Structure formats: C-alpha cells, structure tokens
Amino acid sequence: MKNTSRKTAATVLTLIGIAVFTCCACSKSDDDSPSSSVNQGFNPQADFTSNEDPGPLNTSLGNLSGKTASGGETGSTASGLRFLCTDDGEIEYFSEDGYYYISHDSIKLSDSNYGSHLMYMDYASCQEVYLCSAPGCSHDTPDCTAVLPNKDFPFSTKLFLFQDHLYALCLQADAVVSFSAANESEETGSSLSTADDRQGTLYRMNPDGTGRQKVYEFAPGLTIEGTMAIDHSGLYVITKRLSSEKSNTGSYSSFSEKNLMYLNLSSLEAKTICSLDFGDDISWHVTGCTQDAFLLRGTDYGRRLTAEEYNDDDQFKDYFQNSHEVFALLDPSTGSLREFYRISNARILSTAVMNDTLYISIENGGEIMGVNPATGEQWTVASLPQTNIWDTLEDVLCCCSWNAGQDHTFYFVNVKTGETFHSGLVNKSLGWHLEFKAETGRDVLVIYDYEAAPSAMNDGGYEITREIYGLISKEDLLAGKDNYRRIQMSGRGF
C-alpha cells in the first residue's frame with residue numbers, strides 16, 4: 001500500500017512555515033513536487049482528548065507474533081527485497097493479525113514529560129488496545145509498554161515487524177532539523193547548525209510491546225531518512241549529512257554524502273552499500289523495489305538548480321514543466337544505476353510500484369501504463385477517465401478522478417486482468433476518499449468515517465476528534481457494498 005503522510009506533513013509544515021525554507025540538494029521531495037498525487041482537500045485540525053482506557057477489552061496481547069508479518073508499502077516480494085515505506089510514509093505497520101501505529105497526540109506523562117502511545121488493532125476481536133497488558137494501567141508512565149517518551153521517540157519514528165520482533169526506528173525528520181537549526185540561530189545569533197544532535201536509534205521489542213531495548217545507534221551527525229526496505233536478513237536505510245546555507249531569500253538545508261546503508265538485524269553490523277550521488281545532477285529518491293533491486297525516481301532539469309531557483313515558485317514552475325521524470329534500477333550488489341524510463345513533466349503524473357512493475361498515468365490521459373523495469377517494455381493496463389493512482393491493494397490500483405473535488409469515489413483496476421470496478425463508497429461523514437490502512441488476504445482495514453465538528457475558526461474546515469476504522473472484505477469494497485465490521489476504539493486513531 002502507498003501511504004500518504006497527511007498528518008505528519010501538516011505538523012512539519014506548521015513548524016517550519018514561519019521562518020524556514022528547506023531545500024534538499026536540487027530536487028523537491030515527492031510530496032512537494034507538482035507530480036505528486038493530491039491528498040484530501042485540507043489537513044484537519046484535531047483536539048486533544050483523554051488517554052484514559054474506556055474499559056476492559058477482550059483482546060489478549062499474549063497471542064501477538066511477528067512471524068506472519070506482511071504489509072507496508074508497495075513493491076514487496078516474497079523472496080527478495082520488501083519495501084516498507086517512503087520517507088513520508090505514515091507511522092504504522094501491519095501483519096495478517098493486526099495493525100500497529102503510533103498516536104500523533106503528545107500526552108503529558110506522570111513524570112511531567114510528554115510521550116505518545118503505541119496502539120494495536122486486533123482483527124479477530126475488532127478491537128483497538130494500548131499495547132500494554134498490565135491490569136489497570138493508566139498508560140501515562142514511562143514504564144508502560146504502550147508509552148513512547150518523546151525524548152526518545154520523535155514523531156517521525158517508524159515501525160516494522162521482522163521475524164519474531166517489532167522494531168521502532170527513531171529518526172529526525174529533515175524539516176525538524178532545519179526548524180531546530182533556525183531556532184538556535186535566532187536565539188543565540190550563531191550560524192545554522194549542520195544537523196540535529198539526536199542520533200538515529202533502533203529499538204527492538206516483542207510484538208506485545210514487552211522487552212523493549214535499544215539495539216543500535218547510527219553514527220553521530222548522520223540523518224536517517226524514513227525510507228526503509230528489508231530482505232531476509234536485515235534493514236536498508238538511507239543516510240546523509242545535513243548542512244545549511246543562507247541566501248537573500250531565506251535559509252536552506254542541503255545534504256551531502258547520501259548513501260544506502262544495510263543493517264543486519266541478527267549481528268547488528270552495518271555497512272554502506274553505495275552512494276546515491278551518481279554525478280548526474282539528479283536528486284534520486286527510492287520509491288519502491290523489485291525482487292532484487294531498488295527502484296529510484298528523480299527529476300532531470302537538464303542541470304543542477306540553485307537554491308534560489310528551486311525556491312522561487314514562479315521560476316520553478318517553468319523549470320519543472322520543462323523537466324523529465326526519470327526512473328532507474330539500483331542493483332545493491334554492485335551499486336550500479338540503470339535508467340529504464342523517462343517521461344516529460346509537462347503534465348501531472350501519478351505513479352505506483354507493485355509486483356515488480358511501475359504503473360504510471362498522465363493527468364487526463366485516459367490510460368494507465370505498465371512498465372517492466374527489467375526490460376523497459378511498456379503496455380496499456382487499462383483505459384478509463386479516472387486514472388489518478390491514489391493507492392494500491394494487492395494486484396489492484398486504487399484510482400480516482402483527477403478532479404478530486406467533484407468525485408471522491410474509487411475506480412479499482414485489477415492489473416492482472418485489466419478489469420475495472422467502480423465503488424461508490426466514501427467517508428460517511430464528510431464524503432471524502434476512504435483511507436486504506438492495511439490489508440490481509442481477505443480484508444482491508446479502512447478509515448470509513450470520522451467523529452468531526454465544524455472548525456472553531458469558521459473557515460469551512462472540520463476538527464477531527466476520532467477516526468472510525470473498520471474491516472471490509474475486498475469483494476465488498478470493490479463492489480461498493482457498505483459492509484464494515486467496526487473496530488471498537490480505545491484511542492482516536494491518529
């Protein structure tokens with residue numbers, strides 16, 4: 001599945017929007033790029049609610065196991081590389097039995113510090129619980145297995161299951177680094193610092209949250225991106241060193257020494273696989289993987305843009321529309337990069353990586369194309385007006401209208417058969433797109449409703465106080481049948 005980080009991005013933008021402009025080398029991130037898919041019409045604001053447990057739930061955490069782990073992002077394969085999430089992917093992970101996520105609320109703990117909660121949704125009982133089995137626990141103390149103190153687990157922490165354990169990769173988002181550096185500069189009058197001093201850290205715990213321990217720390221000064229993939233032995237991450245520069249129009253963060261790193265999760269030995277700077281003036285991003293190679297995406301402007309050109313909205317629009325989106329395969333065994341597809345950015349693109357294939361469409365183009373990264377072969381997967389690829393499920397592209405303000409329903413395309421299915425299901429309260437959070441062989445976990453009220457700012461927006469989750473069979477989802485099995489919530493769902 002392709003998760004979009006609407007809440008995390010909203011938090012970061014709120015923090016940095018006042019004084020800081022960020023720039024990573026010469027290419028905007030996928031979320032900032034005009035070629036990104038459009039998220040919901042706005043980022044809702046949420047009120048804080050109590051973290052008290054609403055009552056006993058008939059769910060035993062003792063049965064949790066990481067052995068059946070599946071899920072994460074698209075591009076997974078059974079025997080080789082499995083892509084977990086992009087840098088902006090949401091803080092969540094799922095198995096065949098349930099769904100883990102970290103709450104976005106920052107609650108005050110009993111020791112006056114702040115933290116978030118580690119939550120679990122059990123599919124068999126259709127209940128959400130704090131990942132804690134201690135009777136009567138208030139889930140507000142640092143020793144509660146469901147509590148993640150903010151000082152150790154920043155909001156950008158990523159979860160993943162591997163073999164018998166649940167892992168949490170604690171990393172510092174680039175935008176927060178820039179914001180921290182700017183605050184330091186304003187308060188002390190010093191020059192911008194090169195990076196936040198918090199090291200990337202990996203924690204390991206049992207699937208029920210017990211036995212949490214720090215197992216690895218990355219070298220000081222390295223920023224760890226949130227892009228992750230795993231194979232049968234360990235974890236792939238992207239590391240880089242951040243620095244800052246000033247211009248007449250603002251302050252910019254840039255990076256150097258961007259590398260692909262591998263961490264063996266048994267021996268906990270790390271090694272650098274290769275550099276992600278290929279000397280071609282393209283800032284590459286890992287966007288998926290095939291069974292034995294990483295799929296990279298970058299924007300070719302014909303030359304390296306300056307920070308001023310990149311951050312000048314008027315100029316950048318022209319630069320971008322005259323650029324090309326480029327896709328390439330990176331062989332981790334040799335570090336070699338091979339371009340296999342490029343397309344003009346004159347019109348907006350949407351893409352997905354699934355089943356060792358790149359799927360791509362052009363705004364209002366009427367067709368979804370498939371591209372084989374190994375051979376460069378291209379073919380038409382389906383023809384329909386609604387070709388904006390919003391998300392993916394197993395063997396299915398979840399597409400919508402390019403004018404999302406008028407039509408929030410989904411058009412599902414089976415990439416194996418070419419069949420299309422239109423579902424009229426939308427969010428019950430507000431009529432927005434459904435949000436697909438996880439899937440099993442039979443079901444999909446969906447946010448299908450909200451508890452919401454009009455914003456107190458009277459701006460036409462809404463304040464979301466709780467997300468309503470439910471399981472629905474894939475058959476009913478594709479057919480548009482409103483047969484949700486509601487998850488009984490302990491938290492707010494975000």
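Are Tyr236 and Tyr262 buried or exposed? Tyr236 is buried, and Tyr262 is buried too. The views below come from a predicted model.

**View 1. Aromatic pairing across the model.** The count of aromatic pairs comes to 18. Tyr236 and Tyr262 make one of these pairs. Their ring centres lie 4.6 Å apart. Their planes meet at 50°, so the pair is tilted, between the limits of 30 degrees for stacked and 60 for edge-to-face.

**View 2. Tyr236 and Tyr262 in their strands.** Tyr236 belongs to strand β13, residues 234–247. Tyr262 belongs to strand β14, residues 250–264. The two residues are 26 residues apart, and their pair links distant parts of the chain. Both Tyr236 and Tyr262 are buried.

**View 3. The pair of Phe327 and Tyr341.** Here the ring centres of Phe327 and Tyr341 are 6.2 Å apart. The planes stand at 40°, so this pair is tilted. Phe327 sits in strand β18 (residues 324–331) and Tyr341 in strand β19 (residues 336–344), so the contact ties together parts 14 residues apart in sequence.

**View 4. Burial of Phe327 and Tyr341.** Phe327 has a relative accessible area of 0% and is buried. Tyr341 has 9% relative accessibility. Buried means under 20%, so Tyr341 also counts as buried.

**View 5. An aromatic cluster.** Four residues form one aromatic cluster: Tyr301, Tyr310, Phe316 and Phe320.

**View 6. A charge over a ring.** Arg303 lies over the face of Tyr319. The distance to the ring centre is 5.6 Å.

Conventions: Residues are numbered from 1 along each chain as its sequence is written. This is a predicted model: local features need pLDDT of at least 70, side-chain atom pairs count only at pLDDT 80 or more; totals for chains, interfaces and linings use all residues. Side-chain values use heavy atoms; hydrogens and water are left out. Rings of Phe, Tyr and Trp (its six-membered ring) pair if their centres lie within 6.5 Å; planes under 30 degrees apart count as stacked, over 60 as edge-to-face and the rest as tilted. Helices (H or I, at least four residues) and strands (E, at least two) are DSSP runs, numbered from the N terminus. Buried means under 20% relative accessible area, exposed over 50%, partly exposed in between (1.4 Å probe, protein chains only). A charge sits over a ring if NZ of Lys or CZ of Arg is within 6 Å of the ring centre and within 35 degrees of the ring normal.
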